Amino acid sequence: MNRLRDHQLYQLTLMRFRDFAREPEAMFWTFFFPIIMALALGIAFRSKGPETVHVGVLAGNGADSAAAALTRAGIDARVLAQDVGSSELRRGRVALVVIPNSGGYTYKFDASRPESRVARMVTDNALQGAAGRTDPRVAREDLIEERGSRYIDFLIPGLIGLNLLSTGLWGVGYAVVRMRNEKLLKRFMTTPVRRSYFLLSFILGRLIFLAAEIALVLGFATLVFSVPVRGSLLTLGLVSVLGAITFTGLGLLIASRTSSIEGVQGYMNVVQVPMWILSGVFFSADNFPAVMQPVIRLLPLTALNDALRSNILDGAGIADLAPKLAVLIAWGLLSFLAALRIFRWR
């Protein structure tokens, strides 16, 4: 035990642990900010049932009867003056404008708006039914609310991935540059400390808090929003460890020769902001064009988010996650080796 306590790597890792524990700001951003964000977004995008369809009916012959038929069908319909229909549609106050005419209706809407296309279908169905249309086949509804398909279920793995990215880059890269600015790294030059042990201590120090970090966010989501955890916790732990190592390696690489706080902030934003947008944190990465997908799938945060969602929501095992884990391993290994090669104490 004494031999372990006297080892360089043990002492350096212990120093990282104490340095992190003494910073209340780091504790807040690592453990509590993801919970606050999950609570805020979970409330904002909670399941509220079907959205009310807002429709305007232009004043004229048949307007009152059309509006009454739509209201009976559960649609928020109101009669609009001829000169305000377009402006109400343009401002988004209604999703569709119905223009009664002889023998039928004209639907005025923006086809690029999903809510307008939905409004067009339900409005036409209601008006045709009120006019006596009968369907040749009987359709029944079987309504369900499946855990795992809600926005909060999609969001929680993305927040975990985002937190691993942010703490890996800022918690490590910023600390290295701060030590360089304060001439602390220069002092290590007079000691027999190996660069590999020094850099590894950041990775090990980062992993010490990882279990608590994941458990707090996932436990909160499970208790408050009933987010399902269908996969193995061991697999979830492995994915999280690989993600933490990957982003810690990237943080070390960015800070290997950076000497100013402003410089490291700029480099980190260049690295992380594209992944915030592209890697499926708050919305699916599939929304981007197909030509961009090969590049997006090679980003480490995309691989991590996809792996977390597959494990948490679908119960995927290690074999199913192998391609995504390979991307994380490649990024983590290459980043650490590159940082080890170019790292300078000064």
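Ser 196 counts as partly exposed, because its relative accessibility of 23% falls in the class between buried and exposed. Keep in mind that this is a predicted model. Ser 196 sits in helix H9, which covers residues 195–208. Leaving aside residues up to four places away in sequence, Ser 196 touches Phe 336 and Leu 340. Then there's Ile 342: 146 residues separate it from Ser 196 along the chain, yet their C-alpha atoms are 12 Å apart in space.

Another serine makes a nice companion case. Ser 226 lies in the loop between helix H10 (210–225) and helix H11 (233–255). Ser 226 is partly exposed as well, since its relative accessibility is 31%, over the 20% limit for buried and under the 50% limit for exposed. Its backbone is worth a look too: phi of Ser 226 is near 55°, a positive value in a residue other than glycine.

Positive phi values turn up at glycines as well, and here they are side by side with the serine.

| Residue | Phi | Place |
|---|---|---|
| Ser 226 | near 55° | loop between H10 and H11 |
| Gly 103 | about 85° | turn of the E3–E4 hairpin |
| Gly 315 | near 75° | following H14 |

That brings us to the helix before Gly 315. Helix H14 runs over residues 300–314, and its 15 residues should span 21 Å at 1.5 Å a residue; the end C-alpha atoms are 20 Å apart, so the two values agree. H14 is mostly covered, with 14 of its 15 residues buried.

Now for the sheet. Four strands make up an open sheet with mixed pairing, in the order E2-E1-E3-E4. At the edges are strand E2 (76–80) and strand E4 (104–108), each of which pairs on one side only. From one strand to the next, the twist averages 30°.

How do the strands E1 and E3 run, parallel or antiparallel? Strand E1 (residues 54–58) and E3 run parallel, joined by three bridges. Val 57 has Val 98 in E3 as its bridge partner. On the other hand, strand E3 (residues 96–101) and E4 run antiparallel, with five bridges between them. Pro 100 stands opposite Tyr 105 in E4. E3 and E4 form a hairpin with two residues between them, and Gly 103 is in that turn. As a reminder, strands of a sheet pair through backbone hydrogen bonds, in either a parallel or an antiparallel way.

Finally, the empty space. The largest pocket has a volume of about 730 Å³. Its lining has 28 residues, and the closest to the pocket centre are Thr 30, Ser 166, Thr 167, Trp 170 and Gly 171. Which helix gives the most to the lining of the largest pocket? H7 does, with 11 residues. Helix H2 (8–21), helix H3 (24–44), helix H7 (151–181), H9 and helix H12 (261–278) each supply at least two lining residues. H9 is also the helix that holds Ser 196.

Technical notes: Residues numbered from 1 in each chain as written. Predicted model: local features only at pLDDT ≥ 70, side-chain atom pairs only at ≥ 80, totals over all residues. Heavy atoms only, no water. Pairing = 2+ DSSP bridges. Axes fitted to C-alpha atoms, helices over the stretch in contact; angles between N-to-C directions. Buried < 20%, exposed > 50% of the residue type's maximum accessible area, 1.4 Å probe, protein only. Contact = heavy atoms within 4.5 Å. Expected span 1.5 Å × (residues − 1). 1 Å grid on protein atoms, 1.4 Å probe; cavity = no way out; pocket = protein on both sides within 12 Å on 5 of 7 lines; lining within 4 Å. Points joined across faces, edges and corners; volume = space filled by probe spheres on them.
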